[in-house]
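Grab a pencil and work through these exercises with the viewer open. Try each task yourself before you read the solution under it.

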Amino acid sequence: MKRTAVAVTAVALLLPLSACGGDAEAGSGSTVTVTVGYQSRTINTVTAGTLLRSLGSFEKQLNALHDGVRYKVDWQDYATGAPITAQMTAGKIDIGSMGDFPLLINAARGKQLNSPTRLVSVTGYNLRGGLNTIVTAPDSKLAALRDLKGKKVSTSVGSAADGTLVRALQRAGIDPDSGIEKLNQQPSVGASALTAGSTDALSQFVAWPGLLAYQGKAKAIYDGARLNLPTFHGVTAREDFAKERPAVLEAFLKAQAEATDYLNDHPVDAAEKVAKATGLPAEVVYLYNGAHGIATFDPAIKPRLVSALKQDVSILKSAKLTGDVDVDSFVDDQYVKKALGPEAYAERLAAKPAPAASEAWPKGASKTVTFNSPSQLLRYVAGHRDALRAAYVPDTTTGTLWFADKAVWVADGDKLLPFVAPDTAQAYVAGHGGARVVPYADALERAS
């Protein structure tokens, strides 16, 4: 967690007044500091954080205001949404980005502390819930959700990943409170616990499951997309800041739209930029943020996402993390509509995620190669084994993208079908006579 320490000295008293979204008048020559809280390694917020900062788009938009005010952007990086909410309700952060469950807590805390916030745009989303995954150790005998009964499971309580865990356990007939031993841990702590063997499984949000799988430190046992419930990340702003400085908020949202377009137009380069800023492998970033990645990026606040947010309230209430949340009053799309313009906003609102596809990322390439089927990808991989950075395939059932060499493969006649988790593959096998699970090496040999 990065913090900015400000030393007050006699010299500082001679500088222009600096404020967090403060009261500087146009033409006064004052400096206004706009404080943005973001999560660099929660890579489905990059268009409002890591990538946006890397591109310098927000600063450019602020300079274009020409309102006589000098603006400074203070970027504050956090591991989760909770500290961003704490700083926002204390009036120390103007704009923040976080996942859907933390957004609801943000709304509840803001109302409770008489410092209301508003959801003003969306960053990355998945309409089925694929941004959250439950993983276990590579050599674990746990292969399905039902195997978690009585086991230790690490998650971050109040996060979207915890919501996925709760819902998935309920569907499996396991009480999420008494059926497992839940460990409330930060993502990095939970990842270390899984590696050390002090927890049996880990339920986390992007990019932790993909990172651990890529590193060979975990395997997926539950794909959050099986819930078929949207999950997303979004941008929240303090209501008083939005009303006091609407032009600044609109500048941020214009910059976010620019970063979104850049990510969609240059997915490989965007992944490289985020990787450089975060230390995450670019191959992992691309799994989520690529052309056919798990996440779709669009600032429009789609009604389906708002509906999902309303369904999330009950999960947080049952965990006693919030009371009722008035989602309709929390959602405020007026600023993003104005920033983008009515026609452009309508187009984004109607836009749909890219269709699922298999991709190979050759070494040294600025673009990936797309294939119509996983079998075609496997044939390509078989002929270019030493020339690839990564290969990705969509889950046959959910469409969730996963690393080809980490997927569970099923041979069904001439078809080779990938799955994120073993139980999904077994469910397919059970319903298709003659189909069987095969090792990745076998799938490659069959395809070549």
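A salt bridge here is a side-chain nitrogen of Lys or Arg within 4 Å of a carboxyl oxygen of Asp or Glu. Keep in mind that this is a predicted model, where local features need pLDDT of at least 70, side-chain atom pairs count only at pLDDT 80 or more, and totals for chains, interfaces and linings use all residues. Residues are numbered from 1 along each chain as its sequence is written, and side-chain values use heavy atoms, with hydrogens and water left out.

**Exercise 1. Find out how domain 2 and domain 3 meet, and which side chains form a salt bridge.**

Step 1: Get the domains straight. The protein splits into domain 1 (31-126 + 231-350), domain 2 (132-227) and domain 3 (358-447); these bounds come from an automatic or database domain assignment.

Step 2: Look at the contact, meaning heavy atoms within 4.5 Å. Domain 2 brings 14 residues to it and domain 3 brings eleven residues.

Step 3: Check the distance and the area. The C-alpha centres of domain 2 and domain 3 are 23 Å apart. Together the two bury about 1100 Å², with 64% of it on carbon and sulfur atoms. Buried area is the accessible area (1.4 Å probe) that two parts lose on being put together, summed over both.

Step 4: Hunt for the charged pair. The count between domain 2 and domain 3 is one salt bridge. D423 and R226 meet through their side chains in a salt bridge, at 2.7 Å from N to O.

**Exercise 2. Work out why strand β13 counts as largely enclosed.**

Step 1: Learn the words. Strands (E, at least two residues) and helices (H or I, at least four) are DSSP runs, numbered from the N terminus. Buried means under 20% relative accessible area, exposed over 50%, and partly exposed in between (1.4 Å probe, protein chains only).

Step 2: Count. In β13 (residues 358-362), five of the five residues are buried, so the rest of the structure largely encloses the strand.

Step 3: Check both faces. S358, A360 and P362 sit on one side, E359 and W361 on the other, and all are buried.

Step 4: Find the partners; two strands pair if DSSP finds at least two bridges between them. With β14 (residues 369-371), β13 pairs in the antiparallel sense over three bridges, and E359 stands opposite T370. With β15 (residues 388-394), β13 is also antiparallel, over four bridges; there W361 has A390 as its bridge partner.

Step 5: Don't skip the turn. The hairpin of β13 and β14 has six residues between the strands, and G364 takes a positive phi near 80° there.

**Exercise 3. Which strands pair with β9, and in which sense, parallel or antiparallel?**

Step 1: Start with β9 itself (residues 201-205). Five of its five residues are buried, so β9 is largely enclosed by the rest of the structure. A201, S203 and F205 point one way, while L202 and Q204 point the other way.

Step 2: Take β6 (residues 132-136). Five bridges join β6 to β9, and the two run antiparallel; I134 stands opposite S203.

Step 3: Take β7 (residues 152-155). Two bridges join β7 to β9, and this pair runs parallel; S154 stands opposite L202.

**Exercise 4. Is T85 buried or exposed?**

Step 1: Locate T85, which lies in helix α3 (residues 82-89).

Step 2: Read its accessibility. T85 counts as buried because its relative accessibility is 5%.

Step 3: List the contacts. Leaving aside neighbours within four places in sequence, T85 touches M98, P102, I105, N106 and R109.
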